[in-house]
Amino acid sequence: MIRPPGWLRTLAWIGLPLVGAALGWLLVVGAGWLLTLPWIPMRGPLRLIDSLPDPQSAIGATALGGVLGLFGGWAVADGGLRVTVAADGVRLTRGDTVREFDRSRVGAVFLDGERLVLLDPAGRELAREPAGLIVDGLAEPLRRYGYPWRPDGDPYRAAYRRWVPDLPELPAGADALLRARQRALEADHRDDADELRAELARLDIVVRDEQKRQYWRRID
């Protein structure tokens, strides 16, 4: 299993709650001083914080900061992608979501930026997952078990074309999906963009992003 190292998970579970608690305490005790700075924004919330009674406000803010730090620790330690590599298949786990791919279905594995991408032998995307902190640990175990790891990236990269509206080469319905996905990208609605990517895959269209530009290829 490839996951963030143990020392980092320990640091996340302990360090982030402590940092959150400290920031909560500092916000309460420093609210009055911040209000003396003429350029400081959000003066209304700061006045409200400064008006709260002590020590209850400091205790409450410290506790709230610690709780938020716990959520951050979970996101780093257990909320990221975990990859289990075996001779017969690959398992991708994120939180409670588990996706498994038989070895025979995997035609290429590579990194697109910090996203792990699995393709089937025909070039369809099986998975595209943010790998984050485990990027550097992926290549060795995948090579060890004989997976087609592509250190040079996407083997179909030269086949992608920049999307612009009303391309005649696109199949029926693809242009409307790409228009909707462009709006989702510009609004930073990542879940909507991923859902529309899956809809395009049903039309045998694979899409990749550079900044907020879309590039597409057709599965042959």
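## Strand 8 and its hairpin

Strand 8 (residues 205-210) is largely enclosed by the rest of the structure, because 5 of its 6 residues are buried. The description here concerns a predicted model. Strand 8 runs antiparallel to strand 9 (residues 213-218), and 6 bridges join the two. Within this pairing, Glu210 stands opposite Arg213 of strand 9.

The two strands, 8 and 9, form a hairpin with 2 residues between them. In the turn, Gln211 has a positive phi of about 55°.

## The hairpin of strands 5 and 6

A second antiparallel pairing involves strand 5 (residues 115-119) and strand 6 (residues 125-130), which are connected over 5 bridges. Leu116 has Glu129 of strand 6 as its bridge partner. This hairpin has 5 residues between the strands, and Gly123 takes a positive phi near 100°.

Strand 6 also contributes to the charged contacts of the model. Arg128 forms a salt bridge with Glu125, with the closest N and O atoms 2.6 Å apart. Arg128 is counted as buried because its relative accessible area is 11%, which falls under the 20% limit.

## Salt bridges between helix 6 and strand 8

In the whole structure, 20 salt bridges are found. Side chains of opposite charge can pair when their charged atoms come close. Asp209 takes part in two of the contacts described here: one with Arg190, at 3.6 Å from N to O, and one with Arg197, whose closest N and O atoms are likewise given as 3.6 Å apart from those of Asp209. Arg197 lies in helix 6 and Asp209 in strand 8, so this pair ties together parts that are 12 residues apart in sequence. Both Arg197 and Asp209 are buried. Salt bridges with shared partners join Asp112, Glu125, Arg128, Arg157, Arg181, Arg190, Arg197, Arg208, Asp209 and Glu210 into one network.

The contact between Arg190 and Asp209 is a salt bridge of side chains. This pair links distant parts of the chain, with Arg190 in helix 6, Asp209 in strand 8, and their positions 19 residues apart in the numbering. The two partners differ in exposure class: Arg190 counts as partly exposed because its relative accessibility is 36%, whereas Asp209 counts as buried at 19%.

## Negative patch on helix 6

Asp191, Asp192, Asp194 and Glu195 gather in a patch of negative charge on the surface. Of these residues, Asp192 is found in helix 6 (residues 190-202). Asp192 has a relative accessible area of 40% and is therefore partly exposed.

## Nonpolar surface and helix contacts

Val19, Leu23, Trp25, Leu26 and Val29 make a nonpolar surface patch of about 480 Å². Val19 lies in helix 1 (residues 6-35). With a relative accessible area of 45%, Val19 is partly exposed.

Leu70 belongs to helix 3 (residues 56-77). At 41% relative accessibility, Leu70 also counts as partly exposed. The C-alpha atoms of Leu70 and Ile14 are separated by 8.2 Å, although the two residues are 56 residues apart along the chain.

Notes: Residues are numbered from 1 along each chain as its sequence is written. This is a predicted model: local features need pLDDT of at least 70, side-chain atom pairs count only at pLDDT 80 or more; totals for chains, interfaces and linings use all residues. Side-chain values use heavy atoms; hydrogens and water are left out. Patches are made of residues with over 30% relative accessible area and no salt bridge: like charges are joined within 9 Å, nonpolar side chains (Val, Leu, Ile, Met, Phe, Trp, Tyr) within 5 Å. Accessible areas come from the Shrake-Rupley method with a 1.4 Å probe; for residues, only the protein chains shown count as cover. A salt bridge is a side-chain nitrogen of Lys or Arg within 4 Å of a carboxyl oxygen of Asp or Glu. Lys and Arg count as positive and Asp and Glu as negative; His and the chain ends are not counted. The place of a charge is taken as NZ of Lys, CZ of Arg, CG of Asp or CD of Glu. Helices (H or I, at least four residues) and strands (E, at least two) are DSSP runs, numbered from the N terminus. Buried means under 20% relative accessible area, exposed over 50%, partly exposed in between (1.4 Å probe, protein chains only). Two strands pair if DSSP finds at least two bridges between them.
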